[in-house]
Amino acid sequence: MPVSTAGSRLIYDALKASGIRMLSALPETWLVHLIRMADDDPEMVLVRLAKEEEGVGVSAGAHLAGVKSAMLMQNHGFLASINGIVSCAQLYRIPLLMLISYRGEFGERDPWQTEGGGVTEDLLRALKIPFARLESPDHVERRIAKAQTLASSSNKPVALLLCRDLMWEDAA
Amino acid sequence: MSFRRLDALKAVYDRLASRVVVTIMGAVAAELQSIGHRPNFFYLQHAMGLASSLGLGIALARPERQVVVLDGDGSVLMNLGGLTTLARYRPRNLVHVVFDNESLLSVGGFPTATATGSDIAGIAAAAGIPRTATVRTCEEFQRAFDEALAAGELTTIVAKVEAVGPSAYVTELSLLENRFEFQKFLRA
């Protein structure tokens, strides 16, 4: 499985450097290394979910209690979380850092991922959620730090799209 | 046999007063506020289903605090998977109360699936919640609640209550005032 270990390590280290100490996650192929890194890290509380929307509640609770957290999910998990994002995180002004694996973009081979890929950015815009792409190792650390800073200062959800060029070591 | 949620809340109010409390929207929030709001009470006035997840986030972030989630049948049924997540981490500092009036009271009283036999305590136990109980009187509820607080183990208590609630759901307390006051309390 050519999921990039190096890309995942960069992301994980940047999350740690930004003070993230709780990660909620629902496994998907591109996230396997990140989830294992969190599981192996005694400084990180990993919350494995049954459905992604739960993670909005978990992150809201953690934030109110003073712990920085992030959600790890596929873009279809983002789709499944939208009510929670709107009626918990946005309604209650919760800084919610979302790392969303961006399936269904250029290069996607799985037919079942393609529909969600086509609506992800439009939905983020419709929800007025600021987002940036993580696609090159050069900007991972800086963008994660800046996303966390904006989430904290605005008390709002912010998204980072984990893109194929960073997450997948496959030529096509 | 069943009893009123308001009476259940009054019966344990002094215990709630010293703990971190997260409630769902609607009748539970309005009734608890009618008894007396406190800075350690947070009312999730939307996002149905997520109160238990939010309580889990607090319980994991602050293991030294005892957290009480006041949930409802309609809300739990929207997030049954959340019971498996609670069970997976089974925080010892979390007591999960489900007021089960077998209806979606605040939106017209339509019956939920617990009215036709779905058993939330049974589902919770099967999900792996280590302690569960169903109670049908105020005395039983009070006893089960005190036992859960003393047990130091994740407990789901399903309280079969009457489908009656307050005349209004909007209260004087604004959502964001509650949210920031609660955060301040938790971080103090």
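This is a short dialogue about reading strands, helices and buried residues in a predicted model.

Student: Let's start with the sheet in chain B. In what order do its strands stand?

Tutor: The general idea comes first: strands of a sheet pair through backbone hydrogen bonds, either parallel or antiparallel. In chain B, six strands form an open sheet, in the order β2-β1-β3-β4-β8-β7, and the pairing is parallel.

Student: Which strands stand at the edges?

Tutor: Those are β2 (41-43) and β7 (131-135) of chain B. Each has a single partner strand, so one side of each has no neighbour in the sheet. As for the twist, neighbouring strands in this sheet are turned by 15° against each other on average, ignoring direction.

Student: How many bridges hold β7(B) to its partner β8(B)?

Tutor: There are five, in the parallel sense, and β8 covers residues 155-160 of chain B. To find one by eye, pick Thr132(B): its bridge partner in β8(B) is Thr156(B).

Student: And at the other end, what does β1(B) pair with?

Tutor: β1(B) runs parallel to β3 (residues 67-72) of chain B, joined by four bridges. β1(B) is also joined to β2(B), again parallel, through three bridges. Val21(B) has Val68(B) as its bridge partner in β3(B), while Val22(B) has Phe42(B) in β2(B).

Student: How do I read the two faces of a strand?

Tutor: In a regular strand the side chains alternate between the two faces of the sheet. Now try β1(B): Val20(B) and Val22(B) are on one side, Val21(B) and Thr23(B) on the other, and all of these are buried. Both faces of β1(B) are therefore covered.

Student: Which helix lies across that part of the sheet?

Tutor: Helix α8 (residues 175-187) of chain B lies across β1 (20-23) and β2 of that chain. α8(B) runs at about 145° to β2(B).

Student: Over in chain A, which residues of β3(A) are on each side?

Tutor: Ser69(A), Met71(A) and Met73(A) are on one side, with Ala70(A), Leu72(A) and Gln74(A) on the other. Six of the six residues of β3 (residues 69-74) in chain A are buried, so the strand is largely enclosed by the rest of the structure.

Student: Which strands pair with β3(A)?

Tutor: One is β1 (residues 22-25) of chain A, parallel over four bridges; here Leu23(A) has Ala70(A) as its bridge partner. Another is β4 (residues 97-101) of chain A, parallel over five bridges. In that pairing, Met73(A) is matched with Ile100(A).

Student: Let's move to helices. How do I describe two that pack together?

Tutor: Two packed helices are described by the angle between their axes and the distance between the axes. Take α1 (residues 5-17) and α7 (residues 137-154) of chain A: the angle is about 20° and the axes are 9 Å apart. That makes α1(A) roughly parallel to α7(A), and their crossing is right-handed.

Student: Which residues of α1(A) meet α7(A)?

Tutor: Leu10(A), Ile11(A), Ala14(A) and Leu15(A) do, and on the α7(A) side they meet Pro137(A), Val140(A), Glu141(A) and Ile144(A). A general point helps when you look at such a list: an α-helix has 3.6 residues a turn, so residues three or four places apart point the same way.

Student: At what angle do α3(A) and α5(A) pack?

Tutor: About 20°, with the axes of α3(A) and α5 (residues 82-90) of chain A 8 Å apart. So α3(A) is roughly parallel to α5(A), and the crossing is right-handed. Glu53(A), Val56(A) and Ala60(A) in α3(A) meet residues of α5(A) including Cys88(A).

Student: Is Cys88(A) buried or exposed?

Tutor: Buried, with a relative accessible area of 1%. Cys163(A) is buried too, at 2%.

Student: How many disulfides are there over all chains?

Tutor: A disulfide is a covalent bond between the sulfur atoms of two cysteines. The count here is zero over all chains.

Student: Which residues of chain B does Gly61(A) touch?

Tutor: Gly61(A) is in α3 (residues 53-64) of chain A, and it touches Leu54(B), Gly57(B) and Ile58(B). Gly61(A) has a relative accessible area of 0%, so this glycine counts as buried. Those three chain B residues are among the buried ones in α3(B). Eleven of the eleven residues of α3 (residues 51-61) in chain B are buried, so that helix is largely enclosed by the rest of the structure.

Key:
Residues numbered from 1 in each chain as written. Chains lettered and ligands numbered in written order. Predicted model: local features only at pLDDT ≥ 70, side-chain atom pairs only at ≥ 80, totals over all residues. Heavy atoms only, no water. Pairing = 2+ DSSP bridges. Helix = DSSP H or I, 4+ residues; strand = E, 2+ residues; numbered from the N terminus. Axes fitted to C-alpha atoms, helices over the stretch in contact; angles between N-to-C directions. Contact = heavy atoms within 4.5 Å. Disulfide = S-S within 2.5 Å. Buried < 20%, exposed > 50% of the residue type's maximum accessible area, 1.4 Å probe, protein only. Parallel < 35°, antiparallel > 145°, perpendicular 65-115°, else oblique. Left-handed = near helix turned anticlockwise from the far one by under 90°.
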